[in-house]
Amino acid sequence: MEKLRIVFMGTPEFAVGILDTIIKNNYEVVGVLTAADKPAGRGQKIKYSAVKEYALENNLKLLQPTNLKDETFLAELKSLNANLQVVVAFRMLPEVVWKMPKLGTFNLHASLLPNYRGAAPINWAIINGETKTGVTTFFIDDKIDTGAMILSKETPIYEIENARELHDRLLKIGSEAVVETLALIGGGNVTTTIQKDSSSIKTAYKLNRENCKIDWNVSGKQILNLILGLSPYPAAWCLFKDGNEEWSVKIYEAKLSLENHSFAIGTIIFTKKELKIAVQDGFIEVLSLQFPGKKQMKIADLLNGITFLNTIKAL
């Protein structure tokens, strides 16, 4: 069995959980790559990535290259003498980087490849109403999420599970998959399966303001899936129009009631404790939301502090 010397590459919280599992399973991590520091929030204070925070806390060798083809960076990476690189939610690597270690570079992706290649696989699996998902480890090649697969682990998606809840479950499943993959590679027992392309493959497109906007004209189930798939971040949104006033509102929690009604689509019906929106096949009852400049709040708290006209609509 070959002793592994690992360089880990990742940026968000999801990657931290995987890195922590690797270390707790007594694998040697000789270096960590993460995104460069950048200003964030209203104060534009410099924010460290979740992986950087973890690396500093655990005294790991840290690299934050802005240019992955820079000769100085490449020399420093090579000097770490790693024989394997592990990538979790980082960025596309140039060939000179992913080909560097003797045993290759593998990636953990939070979907059952080849479906949901791309930036937001957890979100899109829920948005599209999938009943199952999982994780896949694969060796990186020159395209995005297309390399030879090492292993996959499958899990159901529960009926009212949101993106945060599924993220947390996939983190645990992904950690197990990475440790199993390390054992296969270290033991020289790894076999791979080539991904097969087809016109039916679904893509995990990057999330943006447009594809996070609620279309109240589709079915209630599609709307609920969008809300669940984007909660808590970046959150599904819509416009509330009340007379001449208009707000961009984020919706975090909701439930669907299927029933016949005569209300126009987008009509908002509210009482002191309830706010629901008419859709083609019933009502979306909003349970928590956020108005501009306000904190996220439960609907009862909102309705205790605000008065709407009877003409309010969701757009």
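**Aromatic pairs and a helix contact**

Phe283 is buried in this predicted model, its relative accessible area coming to just 4%. Its ring pairs up with that of Phe263: the centres are 6.0 Å apart and the planes sit at 70°, so this is an edge-to-face pair. Phe263 belongs to the loop between β13 (245-258) and β14 (268-270), while Phe283 is in strand β16 (residues 282-290), so the pair ties together parts 20 residues apart in sequence. Unlike its buried partner, Phe263 is partly exposed, at 42% relative accessible area. Phe283 also has a charge for company: the charged end of Lys276 sits over its ring, 4.4 Å from the centre. Trp237 has a similar guest, with the charged end of Lys213 over its ring at 5.3 Å from the centre.

In total, the count comes to 4 aromatic pairs. One of them joins Trp124 and Tyr205, with ring centres 6.2 Å apart and planes at 85°, so it too is edge-to-face. This pair links distant parts of the chain, 81 residues apart: Trp124 is in helix α5 (residues 121-127), and Tyr205 is in the loop between β11 (203-204) and α7 (220-229). Trp124 is buried at 11% relative accessible area, whereas Tyr205 is exposed at 52%. Elsewhere, ring pairs link Phe240, Trp247 and Phe291 into a cluster.

As for helix packing, α1 (residues 13-24) and α2 (residues 50-57) meet at an angle of about 30°, their axes 8 Å apart. The two helices are therefore roughly parallel. On the α1 side the contact involves Glu13, Ala15, Val16, Leu19, Asp20 and Ile23, and on the α2 side Ala50, Val51 and Tyr54. Of these contact residues, 7 are nonpolar and 2 charged, with no polar ones.

Terms used: Residues are numbered from 1 along each chain as its sequence is written. This is a predicted model: local features need pLDDT of at least 70, side-chain atom pairs count only at pLDDT 80 or more; totals for chains, interfaces and linings use all residues. Side-chain values use heavy atoms; hydrogens and water are left out. Axes are lines fitted to C-alpha atoms, for helices over the stretch in contact, and angles run from 0 to 180 degrees between N-to-C directions. Helices (H or I, at least four residues) and strands (E, at least two) are DSSP runs, numbered from the N terminus. Angles under 35 degrees count as roughly parallel, over 145 as roughly antiparallel, 65 to 115 as roughly perpendicular and the rest as oblique. Contact means heavy atoms within 4.5 Å. Ala, Val, Leu, Ile, Met, Phe, Trp, Tyr, Cys and Pro count as nonpolar, Asp, Glu, Lys and Arg as charged, and the others, Gly among them, as polar. Rings of Phe, Tyr and Trp (its six-membered ring) pair if their centres lie within 6.5 Å; planes under 30 degrees apart count as stacked, over 60 as edge-to-face and the rest as tilted. Buried means under 20% relative accessible area, exposed over 50%, partly exposed in between (1.4 Å probe, protein chains only). A charge sits over a ring if NZ of Lys or CZ of Arg is within 6 Å of the ring centre and within 35 degrees of the ring normal.
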